[in-house]
Amino acid sequence: MAELKLDISNVFPFVTKEIISGYKKDVKQHLESLHNKTGPGSEMTGWVDLPSRITEDYVDKIEKTADELSDMVDIVVVIGIGGSFLGAKAIIHAISHNFEYLIEKKKAPFILFAGQNIGEDYLSELIEVLNHKKYAIIVISKSGTTTEPAIAFRILKNHLERQIGVKEAGKRIIAITDQKKGALRILADQRGYTSFVIPEDVGGRYSVLAPVGLLPVATAGLSIRKFIDGARTMEKRTGLDVPFEDNPSAIYASTRNALYRAGKNIEILANYNNKLIFLSEWWKQLYGESEGKEHKGIFPASVNFTADLHSMGQYIQEGTRNLFEIVISATHTDHTLIIPDDEDNLDQLNFLSGKRIDDVNKMAELGTILAHVDGGVPNIRIVIPEINEYHLGELIYFFEKACGISGYLLGINPFNQPGVEAYKKNMFALLEKPGFEEETKKIWQRIGR
Ligand code: PA5
């Protein structure tokens, strides 16, 4: 089977092959640290061999729960934020029909998401929809105490219990959380919810191959077997025994570090297929939360082409020259659509008659890469044969492995996120959460109230 390919030929005007291969020794050492659990944050590296550790029984159990949900309801609301949301959203969005809500016959339940914002309108409108539907809830939180999903869960649990009664609601709530700790674990045990465990040594943004990603993806009717297979392939391709030159995660991590040291401190992930929009969101979280520390790190941004060529394209072509670009390109599309000939040719598009829409898209991609490289923006290109479960599994593991290596090359711990506490502290102080009395006093003084 054709596999994911990495092409770095368009970074060489900006860094040399020697600079990239100069990382070889460090990368080997960092790979060993990841595999042998000896680097910073090693207690959170359970994801490294997660794909190959998933058992057949475990897949069966996830699929069985997904089938039960599918038989019971028409909608499943997945509640979570950050790493407990973005992976599942990315995979489901990438494989679903663009207009799935308008398709009459759909075997699997629709997956809706909540808990990733504190939007009163969002939750109110969701409830409006759920008032008339049969639905279930998958609530995901490793800590079990994150404010956004906890609020959404409180609201929806209450709604579901009023809709069908506490006992029946209990059958339609699945909790995915820590084995022992946190409010969600206590609640799940007390109420007897079906639950799945997020392994202690797998952090949120590295947990797509844990039940965090697997259960929502299976519930959406997608093949988690193919998804896991793809990740396993990439686990092998990026293993300890693989030479540096053949390890795509090692090459990507080294290339982006080389570019960073050459002054390129913003990396833009571009797609030419709107199905990959949420994969970009997942990727931004993975790299932003893993690497943005100690006043270091590449800022991860994303664009959706060709739409954003008519907006951000100007900046990328001619703005501050601290950017590099990474493109995910899928060779094949699911459909074929030919541009028809037009007798009048008033739109002057007859030069495209008989061509596929994707032929035009591919030339837009190639033309843009060349233009951006000419404009001073190095380009890394990732090619997958098509957007499906297998190749998304490859991509997810490829990026995770590269992020671990890249974070170590940068000299930070890619598995913690101390900076996300700052906003929470202020928010709790402003909301007068018990235990935050001192902070409340200080923050009110600071803003002059
Ligand atoms: O990557 C991470 O660790 C974070 O983005 C978390 O996933 C996010 O904060 C949600 O945490 P939790 O699953 O504990 O609710």
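## Backbone, ligand site and charges

T306 is placed in the loop that runs between strand 8 (299-304) and helix 14 (312-318). In this predicted model, the peptide bond leading from F305 to T306 is cis, with an omega near 10 degrees. A second backbone feature concerns K37, which has a positive phi of about 55 degrees although it is not a glycine. K37 belongs to the loop between helix 2 (24-36) and helix 3 (50-53). As background to both features, most peptide bonds are trans, and most residues other than glycine have a negative phi.

The ligand is surrounded by 13 residues, and the closest of these are S84, S141, S143, T146 and Q285. For three serines among them, the table gives the distance between a polar side-chain atom, N or O, and an oxygen atom of the ligand.

| Residue | Ligand atom | Distance |
|---|---|---|
| S84 | oxygen | 2.7 Å |
| S141 | oxygen | 2.6 Å |
| S143 | oxygen | 2.7 Å |

Taken alone, the ligand would expose 390 Å², and the protein buries 86% of that area.

Turning to charged side chains, a search of the whole structure finds 22 salt bridges. One of them joins the side chains of R225 and E56, with a distance of 2.7 Å from N to O. Because R225 lies in helix 11 (residues 224-237) while E56 lies in helix 4 (residues 56-72), this pair ties together parts that are 169 residues apart in sequence.

Charge also appears on the surface, where D341, D342, E343, D344 and D347 form a negative patch. Where in the fold does D347 have its place? D347 is in the loop that follows strand 9 (323-330) and comes before helix 15 (357-374). The residues of this patch take part in no salt bridge, since that is a condition for being counted in a patch, as is a relative accessible area of over 30%.

Taken together, the loops described here hold the cis bond from F305 to T306, the positive phi of K37 and D347 of the negative surface patch, whereas the salt bridge of R225 and E56 links helix 11 with helix 4.

Note on methods
Residues numbered from 1 in each chain as written. Predicted model: local features only at pLDDT ≥ 70, side-chain atom pairs only at ≥ 80, totals over all residues. Heavy atoms only, no water. Patch = residues over 30% accessible without salt bridge, like charges linked within 9 Å, V, L, I, M, F, W, Y side chains within 5 Å. Areas by Shrake-Rupley, 256 points an atom, 1.4 Å probe, with all protein chains shown as cover. Salt bridge = Lys/Arg side-chain N within 4 Å of Asp/Glu carboxyl O. Lys, Arg positive; Asp, Glu negative; His and termini not counted. Charge placed at Lys NZ, Arg CZ, Asp CG, Glu CD. Helix = DSSP H or I, 4+ residues; strand = E, 2+ residues; numbered from the N terminus. Near = heavy atom within 4 Å. Polar contact = N/O pair within 3.5 Å; in protein donor to acceptor, adjacent residues only side chain to side chain.
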